[in-house]
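Colleague: I am new to this structure and should like to understand the terms used for it. Please set each term against its definition as we proceed.

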Amino acid sequence: MHEGGTGSMLVEGLILLGFALASVLLFRKLGLGATLGYLVAGALVGPQALGLVGGAEAKLNFAELGIVLLLFIVGLELAPNRLWRMRKEIFGLGLAQVALCGVAVSAVIYFFTGFSLAASFALGLPLGLSSTAQVLPMLQSAGRLRTPVGERSFAILLFQDLSLIPLITIIAALSRNPEQEAGPPGWQLALISAAAIIGLIIAGRYLIRPLFRLIGVLGEREMFIVAALFTIVGAAALMQALGLSTALGAFIAGVMLASSPYRHELEADVEPFRSILLGLFFLSIGMMLDLSAIAERPLFVVLMALALITTKAVVISGLGLLIKMPWRKALAMGLLLSQGGEFGFVLFAEAQDGLLIAPEAASLFGAVVTLSMAATPFLMMLTAGIRSEPLREDGTRPGPEPEGASALVVGYGRFGQTVTQMMIAGGIRVTIIDRDVDMIDVAAEFGAQVYFGDGTRIDLLRQAGGMEAKAIVFCLDGDQVTPELIASVRDQFPDTGIYVRVYDRRGIIKLAEAPADFIAREVFDSAILLARKALEGLGENDEAIDKAEQAYRERDEARLIEQIDKGDIKAARDRIFTQPY
């Protein structure tokens, strides 16, 4: 019996993974995004299509951990200083978008369908949210995340993520389910929420951060993953025990660690679990779509998707014009955020539990969200000519707007500190990564923000902003930087400059074939500077010193080239300056 159950689980897992893999690859290739691929794969294998996999509700209950992990990662992005810099866009533009789009879509549903006012709000407010999982990858792949359109779109998406908790509360307040109405009064719930939030913040400062510091000192990476999952699940479980949202608990856990040195390491460790569980979540949603209800009313689904896209595009473009964006950029932002989002499925489930909408309505509007998401890439392609800046008089278009150069510095020892400070002096925004916990603490005393992590991991570099960085500078001791690492970094970040510090000429010989932009010996130029000062002190004039430096550099470079060609450190020994006897 047990073996049969295990075998059935393995077969179902194989089917789900196979369909998900094929569907996501296809939809990614078509530029339609992974989310839509998961939904279509789930619908295909579900009981209403091929009937290969069942138990969608049980899988959904487990997969909701993906939403919890997603909210944790969103929380990690919200360090107080970043919130302050983007406060107007997040809490001004974001609030206006969620409120106006939610009300406008609710009004469309109320006046053009037979739904009640409460049901219209339960459907319209979720449809006012856009798809973070679809929009952010589109901006990143196009290199537009740091443009005005990209930054304002990100701010809106960020507020939408934050608004999930209030929207769940609003739908709960509209609930017609007697079981949900039996909860504590509002003032008591507010006090419980405030106490839980304060408790989590205190626990984060005095328990969780010291725990991560201890793990960092011990160097146990696996324990970092265990501790991260323990923190997220513990915060979510606490909120659930108090009758509050598990997503809220995970979000607060992320916020309380957002300004810690362990942020990028946590993101890199949690991201695979988040991706897998969120994929399972969308697969489960696809399996639960009532395809027969959709087949009975295909015209309703198409027209409602068109109404959703039109309403949101008009409202968001209008908001863009109000904040004095050029009309082409306002239109781009409106179309980019015109679709429904993944949180709509979460809120539809809440509305269904609250007896506000029937399962058939949840399926119909789930299909509306799916169709609107599928339409976004096509809309962006079809309107590319309209949204592009017009030609200048000389027949050229304006160049790309500055996105703010940034760099990653890996290693913050004596070498990395000098490199970092000189780059900052040049006006470059720098993210610093190191795995020495004691050094991170000392750097913090001098006002430097250094993040904990292994900078030779590609996933961590990606989480730290490798896709947007213009340069990655490896300032590590010893021979930690290998040709294979540089090749991987070049493959993953093809447009990013790679600069490497090596210990001596042996390091240059080892990395000679690696695709780095520049390799520096750590003591080469400082030794030449010291020699110049010594020659100056011995009474040599500037011309003689310059001649001596040029002679040494030319002979050393020729020797190094021959050593690289032969792969032998002992090659070209005759080019070394030796004392005459």
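Modeller: Two strands pair if DSSP finds at least two bridges between them. Strand β1 (residues 406-410) and β4 are joined by four bridges and run parallel, so this counts as a pair, given the required minimum of at least two bridges.

Colleague: What is the source of the model, and how are residues numbered?

Modeller: This is a predicted model, in which local features need pLDDT of at least 70 and side-chain atom pairs count only at pLDDT 80 or more, while totals for chains, interfaces and linings use all residues. Residues are numbered from 1 along each chain as its sequence is written, and side-chain values use heavy atoms, with hydrogens and water left out.

Colleague: What makes a stretch a helix or a strand, and how many of each are there?

Modeller: Helices (H or I, at least four residues) and strands (E, at least two) are DSSP runs, numbered from the N terminus. The protein chain comes to 27 helices and six strands.

Colleague: In what order do the strands of the sheet lie, and which are the edge strands?

Modeller: The open sheet of six strands follows the order β3-β2-β1-β4-β5-β6, with parallel pairing. The edge strands are β3 (450-452) and β6 (518-521), because each pairs on one side only. From one strand to the next the twist averages 20 degrees.

Colleague: Which bridges link β4, β5 and β6?

Modeller: Four bridges join β4 to β5, which run parallel, and I472 stands opposite I498 in β5. Strand β5 (residues 497-502) is likewise joined to β6 by four bridges, again running parallel; there, Y499 has F518 of β6 as its bridge partner. On the side of β1, the bridge partner of V410 is F474 in β4.

Colleague: Which way do the residues of β4 point?

Modeller: From strand β4 (residues 471-474), A471 and V473 point one way and I472 and F474 the other way, and all are buried.

Colleague: Why is S106 called buried?

Modeller: Buried means under 20% relative accessible area, exposed over 50%, and partly exposed in between (1.4 Å probe, protein chains only). S106 has a relative accessible area of 3%, so S106 is buried. S106 is placed in helix α6 (residues 87-112). Contact means heavy atoms within 4.5 Å; not counting residues up to four places away in sequence, S106 touches S120, F121, G124 and L125.

Colleague: Is S363 buried or exposed, and what does S363 touch?

Modeller: S363, in helix α19 (residues 359-382), has a relative accessible area of 6% and is therefore buried. Leaving aside neighbours within four places in sequence, S363 is in contact with M288, L289, D290 and I294.

Colleague: What makes K324 exposed, and L355 partly exposed?

Modeller: K324 has 75% relative accessibility and therefore counts as exposed. L355 has 47% and so counts as partly exposed. K324 is in the loop between α16 (298-322) and α17 (327-336), and L355 is in the loop between α18 (343-353) and α19. Neither is a glycine, yet K324 has a positive phi of about 65 degrees and L355 one of about 60 degrees.

Colleague: Why are α12 and α14 called roughly perpendicular?

Modeller: Axes are lines fitted to C-alpha atoms, for helices over the stretch in contact, and angles run from 0 to 180 degrees between N-to-C directions. Angles under 35 degrees count as roughly parallel, over 145 as roughly antiparallel, 65 to 115 as roughly perpendicular and the rest as oblique. The axes of helix α12 (residues 221-241) and helix α14 (residues 263-288) come within 10 Å and cross at roughly 75 degrees; α12 and α14 are therefore roughly perpendicular to each other. The contact is made by R221, F224, I225, A228, L229 and I232 of α12 and E265, L266, D269, V270 and F273 of α14.

Colleague: What is meant by a nonpolar core, and which residues have the most contacts inside the largest one?

Modeller: A nonpolar core is a set of buried Ala, Val, Leu, Ile, Met, Phe, Trp, Tyr and Cys residues joined through side-chain atoms within 4.5 Å. The largest has 129 residues, and F72 and F365 have the most contacts inside it. Helix α9 (residues 148-174) gives the largest share of this core, 13 residues. A second, separate core of 25 residues includes A469, L476, L485 and I508.
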